[in-house]
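Q: Please give a close reading of one part of this model, beginning with a single helix and moving outward to the nucleic acid strands. I should also like the cysteines and any unusual backbone angles to be covered.

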Number of protein chains: 2
Amino acid sequence: MRLSTRGKYGVRAMYDLALHYGEGPVPLKATAERQMVSEHYLEQLMAGLRRAGLVTSSRGAQGGYELARSPADITIGDIVRVLEGPIDPAECVAEGDPVEACERADECTMRLVWKKLKDCINRVLDSISLKDLCDETAALVSDSCGSCRAGPDCTRGLGETAGTARRTP
Amino acid sequence: MRLSTRGKYGVRAMYDLALHYGEGPVPLKATAERQMVSEHYLEQLMAGLRRAGLVTSSRGAQGGYELARSPADITIGDIVRVLEGPIDPAECVAEGDPVEACERADECTMRLVWKKLKDCINRVLDSISLKDLCDETAALVSDSCGSCRAGPDCTRGLGETAGTARRTP
DNA sequence: GGAATCCCAACGAGTTTAGTCGGAATTCGT
DNA sequence: ACGAATTCCGACTAAACTCGTTGGGATTCC
């Protein structure tokens with residue numbers, strides 16, 4: 001259960017675009033350098049994000065990529081699902097007929113587990129937008145993150161769990 | 001974000017052992033046939049589970065595998081972590097020094113996302129024990145499964161009714 | 001002794017990952 | 001018109017991983 005670099009680099013790149021949202025196209029080279037990712041590799045990832053309608057591109061000099069929507073309207077889940085494929089812990093909870101993936105799907109108790117896991121992952125990833133990420137960075141830098149006791153299932157934004165995440169032993 | 005067959009087969013096998021808990025050693029062949037998994041492949045998985053102390057084995061005729069603890073004391077998370085490795089969406093939220101995985105780990109906002117995701121996954125998987133699985137199967141078979149038909153956001157059933165959630169490693 | 005069973009190590013075909021490489025097409029500024 | 005910047009596209013690859021298979025050895029029960 002580890003994300004590949006595709007998902008991680010993709011989120012980094014989209015975060016970078018979010019930081020420069022409204023400033024016109026951002027050339028891939030700049031993003032690649034800031035986020036320390038191979039430019040050519042990132043190019044492939046951006047192609048996927050463009051086909052999925054999450055970014056728009058403009059070619060030629062002064063060209064680059066831009067978010068297709070406001071950072072508040074793009075979630076981490078949107079990005080990860082494009083680059084890593086749908087979040088399906090098992091085939092039997094993917095799109096389509098479960099019975100085709102496993103003939104016992106109807107009576108399978110484990111399927112309920114994978115379903116629950118899938119829903120949980122999607123809920124977490126969809127609860128965080130690029131805007132949340134940018135806001136959180138501001139909070140981190142200004143060193144004023146509040147304390148949240150809501151636990152890991154808290155879906156009320158990143159800022160509230162920041163205190164927990166920074167307290168690393 | 002898909003589990004490999006290791007995790008899925010492993011859970012199936014452990015579930016099978018849970019169904020026969022207290023009846024003495026269960027030969028691998030029987031489990032493999034019931035769960036429709038290659039016997040030799042399952043053997044490798046059981047070796048890992050044995051080394052992790054989740055099952056005990058007895059050799060020779062009438063030998064086989066048994067759960068090392070009560071089904072209520074073994075969670076899906078225990079099994080999945082043994083067979084799939086630790087649940088770390090990214091290196092920077094794995095065991096050890098995060099800065100060694102990524103020099104920007106301290107200031108990285110995305111790291112908070114992966115941390116949150118990791119905690120969520122572990123929480124779900126650790127909230128479901130083998131006993132929960134067996135109980136749920138009884139509910140499914142008796143066709144009175146009201147608890148799990150409440151839609152994708154249902155938080156009841158599978159672990160939260162019995163309240164067998166245990167340690168957090 | 002023989003059958004059942006676990007234990008171990010190696011092999012391998014296929015797929016995925018994480019890129020690299022080379023070049024074509026488009027656009028901007030001058 | 002030209003050249004630089006940039007996206008776009010397809011092919012290639014080394015390494016790792018997945019999902020097993022193969023072949024034998026050790027142990028235990030009857």
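A: In this predicted model, helix α1(B) consists of 15 residues and spans 21 Å from its first C-alpha to its last, close to the 21 Å expected at 1.5 Å a residue. Buried positions within α1(B) are Gly7(B), Lys8(B), Gly10(B), Val11(B), Ala13(B), Met14(B), Tyr15(B), Asp16(B), Leu17(B) and Ala18(B). In an α-helix there are 3.6 residues a turn, so residues three or four places apart point the same way. Among the buried residues of α1(B) are such names as Gly7(B), Gly10(B), Met14(B) and Leu17(B). The list also includes Lys8(B) and Asp16(B).

Helix α1(B) also takes part in the surface near DNA strand D. At least two residues of that surface come from each of α1 (5-19) and α3 (39-51) of chain B, and likewise from each of α3 (39-51), β1 (55-58) and β2 (64-67) of chain A. The largest share is that of α3(B), with three residues. Around DNA strand D there are 24 residues, of which Leu28(A), Glu43(A), Ser57(A), Ser38(B) and Gln44(B) come nearest. Of the atoms of DNA strand D that come within 4 Å of the protein, 66% belong to sugar and phosphate. By class, this surface comprises twelve polar, eight nonpolar and four charged residues.

Contacts to the bases of DNA strand D come from chain A and from chain B. Gln44(B) places an N or O atom of its side chain 2.6 Å from a base oxygen. For Arg59(B), a side-chain N or O atom is 3.3 Å from a base nitrogen. Ala61(A) contributes through its backbone, where an N or O atom lies 3.2 Å from a base nitrogen of DNA strand D.

DNA strand C may be described in parallel. It is surrounded by 24 residues, the closest being Ser38(A), Gln44(A), Glu43(B), Ser57(B) and Tyr65(B). Sugar and phosphate make up 66% of its atoms that come within 4 Å of the protein. Elements that each supply at least two residues of this surface are α1 (5-19) and α3 of chain A, together with α3, β1 (55-58) and β2 (64-67) of chain B. Here α3(B) gives the most, with three residues. The classes number eight nonpolar, twelve polar and four charged residues.

Two of the polar contacts with DNA strand C involve phosphate oxygens. A polar atom in the side chain of Tyr65(B) lies 2.8 Å from one phosphate oxygen, and a backbone N or O atom of Leu28(B) lies 2.9 Å from a phosphate oxygen. A base is approached by Gly60(A), whose polar backbone atom is 3.4 Å from a base oxygen of DNA strand C.

Two residues of chain B deserve attention for their backbone angles. Most residues other than glycine have a negative phi. Met36(B), however, has a positive phi near 55°; this residue is placed in the loop between α2 (28-35) and α3 of chain B. Because its relative accessibility is 42%, Met36(B) counts as partly exposed. Gln62(B) likewise has a positive phi, near 65°, and is found in the loop between β1 and β2 of chain B. With a relative accessible area of 73%, Gln62(B) is exposed.

As for the cysteines, there is one disulfide over all chains. It is formed by Cys120(A) and Cys120(B), whose sulfur atoms are 1.9 Å apart. The pair crosses between chains, joining helix α6 (residues 109-126) of chain A to helix α6 (residues 109-126) of chain B. Cys120(A) is buried at 4% relative accessible area, and Cys120(B) is buried at 0%. Why is Cys92(B) not bonded to Cys108(B)? The closest cysteine sulfur to that of Cys92(B) is in Cys108(B), 5.8 Å away, and is therefore too far for a bond. Cys92(B) is nevertheless buried, with a relative accessible area of 11%. Cys134(A) also counts as buried, at 18%.

Finally, chain A as a whole gives the setting for its elements named above. It contains eight helices and two strands, which follow the order α-α-α-β-β-α-α-α-α-α from the N terminus on. Chain A has 169 residues, of which 48% count as buried. Of its contacts between residues at least 6 apart in sequence, 59% join residues at least 24 apart.

How values were computed: Residues numbered from 1 in each chain as written. Chains lettered and ligands numbered in written order. Predicted model: local features only at pLDDT ≥ 70, side-chain atom pairs only at ≥ 80, totals over all residues. Heavy atoms only, no water. Near = heavy atom within 4 Å. Polar contact = N/O pair within 3.5 Å; in protein donor to acceptor, adjacent residues only side chain to side chain. Helix = DSSP H or I, 4+ residues; strand = E, 2+ residues; numbered from the N terminus. Nonpolar A, V, L, I, M, F, W, Y, C, P; charged D, E, K, R; others polar. Expected span 1.5 Å × (residues − 1). Buried < 20%, exposed > 50% of the residue type's maximum accessible area, 1.4 Å probe, protein only. Disulfide = S-S within 2.5 Å. Contact = heavy atoms within 4.5 Å.
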